[in-house]
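Hi everyone, thanks for making time this morning. I'd like to walk you through one structure, so please have a look at it on the screen while I talk.

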Amino acid sequence: MSLSEDPDLQPLLFGLFLCMYLVTVLGNLLIILAVSSESHLHTPMYFFLSNLSLADIGFSSTTVPKMIMNIQTHHRAISYVGCLTQMSSFIFFGCMDDLLLTVMAYDRFVAICHPLHYLVIMSPRHCGFLTLVSFLLSLLDSQLHSFMTLNITSFKDVEISNFFCDPSQLLNLSCSNTFSDNIVKYFLGAFYGLFPISGILFSYYKIISSILRIPSLGGKYKAFSTCGSHLAVVCLFLVTASTVYLGSVASHSPRNDVVASLMYTVVTPMLNPFIYSLRNRDIKSALWRLYSRSL
């Protein structure tokens, strides 16, 4: 599905999304370089942030380059193998984003609610384990969707109501076992969507309760300022992604799906570096030192 049928808009859309993609890749790469080059940023929070930036690059690269090429060539076809590869990669990196945001909420919960035990609980070994679990669960979700999609044989001359091989759209192509497919899809949506959201909400419930017990106003602001950026990204990514995924069967609206998909596949990965760097003195100073060394 094209973003617009108006030929006059095609050069504008091409330039817009190309610039957004380049900003996404450059911004997230700068975050990774800043964290890896500064020893004082080798902490759990920035370790997860650099992994989130890496997942954002992969997530955006799964869909945006193909969309840009489609706009430029006016050719929207994709092969069977290409579609399955795009869908599998999209789910993997999207799920990594989802789980890493949940892990980052847990990190903030431990830092604010259990500060004396933070270095023990969030040890390098534990951080690596949480990242590995996120990787394996994302891979499992990706493979489960691939196996479900492989059961669909009617892939010749199919029109997908989105600008990429959206998993929810592909699963709707099945002409048989629709009820069982929906049960599996909603189960995966609940496990990988509602459970992480519940974990994030519980973490912030505990965080807010702890912040309210801080006597000084400055202490409350300092404690909550470490969570503001993460909370903004969570609202932007998880709300739109869950709306598209869980609402695709109940009330299918292709145009609304495209708008929401653009938000969490293009806009959110681009905004993440700005959200985390503009409100973070450590990242800003690290980026400035990185820039000074390059001169």
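**Salt bridges, a helix pair and a surface patch**

Let's begin with two neighbours in the sequence: Arg 108 and Asp 107 are both buried. They also form a salt bridge with each other, and their closest N and O atoms are 3.0 Å apart. As a general reminder, side chains of opposite charge can pair when their charged atoms come close. Please keep in mind that this is a predicted model.

How many salt bridges are there by this rule? The count comes to 2. The other one joins Arg 289 to Glu 38, with 3.2 Å between the closest N and O atoms. Here the partners sit in separate parts of the chain: Arg 289 belongs to helix α10, residues 281-294, while Glu 38 is in the loop between α1 (10-37) and α2 (44-73), so this pair ties together parts that are 251 residues apart in sequence.

Are these two partners buried or exposed? Glu 38 has a relative accessibility of 8%, and because buried means under 20%, Glu 38 counts as buried. Arg 289 has a relative accessible area of 32%, so Arg 289 is partly exposed.

Now let me step back to the whole chain. Its secondary structure comes to 10 helices and 0 strands. If you follow the elements from the N terminus on, you simply read α ten times over. Of the 295 residues in the chain, 48% are buried.

Next, I'd like to pick out one pair of helices. Helix α3 covers residues 80-113 and helix α5 covers residues 124-150; their axes come within 8 Å and cross at roughly 150 degrees. That crossing of α3 and α5 is right-handed. What are the residues of this contact like? They divide into 15 nonpolar, 9 polar and 1 charged.

The same two helices bring us to the surface. There, Tyr 80, Val 81, Phe 147 and Leu 150 form a nonpolar patch, and together they have about 410 Å² of accessible area. Helices α3 and α5 each supply at least two residues of the patch. Take Val 81, which has its place in helix α3. Its relative accessible area is 57%, and since the cut-off for exposed is over 50%, Val 81 is exposed.

That's my tour, so over to you for comments.

Definitions and conventions
Residues are numbered from 1 along each chain as its sequence is written. This is a predicted model: local features need pLDDT of at least 70, side-chain atom pairs count only at pLDDT 80 or more; totals for chains, interfaces and linings use all residues. Side-chain values use heavy atoms; hydrogens and water are left out. Axes are lines fitted to C-alpha atoms, for helices over the stretch in contact, and angles run from 0 to 180 degrees between N-to-C directions. Helices (H or I, at least four residues) and strands (E, at least two) are DSSP runs, numbered from the N terminus. A crossing is left-handed if the near helix is turned anticlockwise from the far one by less than a right angle, and right-handed if clockwise. Ala, Val, Leu, Ile, Met, Phe, Trp, Tyr, Cys and Pro count as nonpolar, Asp, Glu, Lys and Arg as charged, and the others, Gly among them, as polar. Patches are made of residues with over 30% relative accessible area and no salt bridge: like charges are joined within 9 Å, nonpolar side chains (Val, Leu, Ile, Met, Phe, Trp, Tyr) within 5 Å. Accessible areas come from the Shrake-Rupley method with a 1.4 Å probe; for residues, only the protein chains shown count as cover. A salt bridge is a side-chain nitrogen of Lys or Arg within 4 Å of a carboxyl oxygen of Asp or Glu. Buried means under 20% relative accessible area, exposed over 50%, partly exposed in between (1.4 Å probe, protein chains only).
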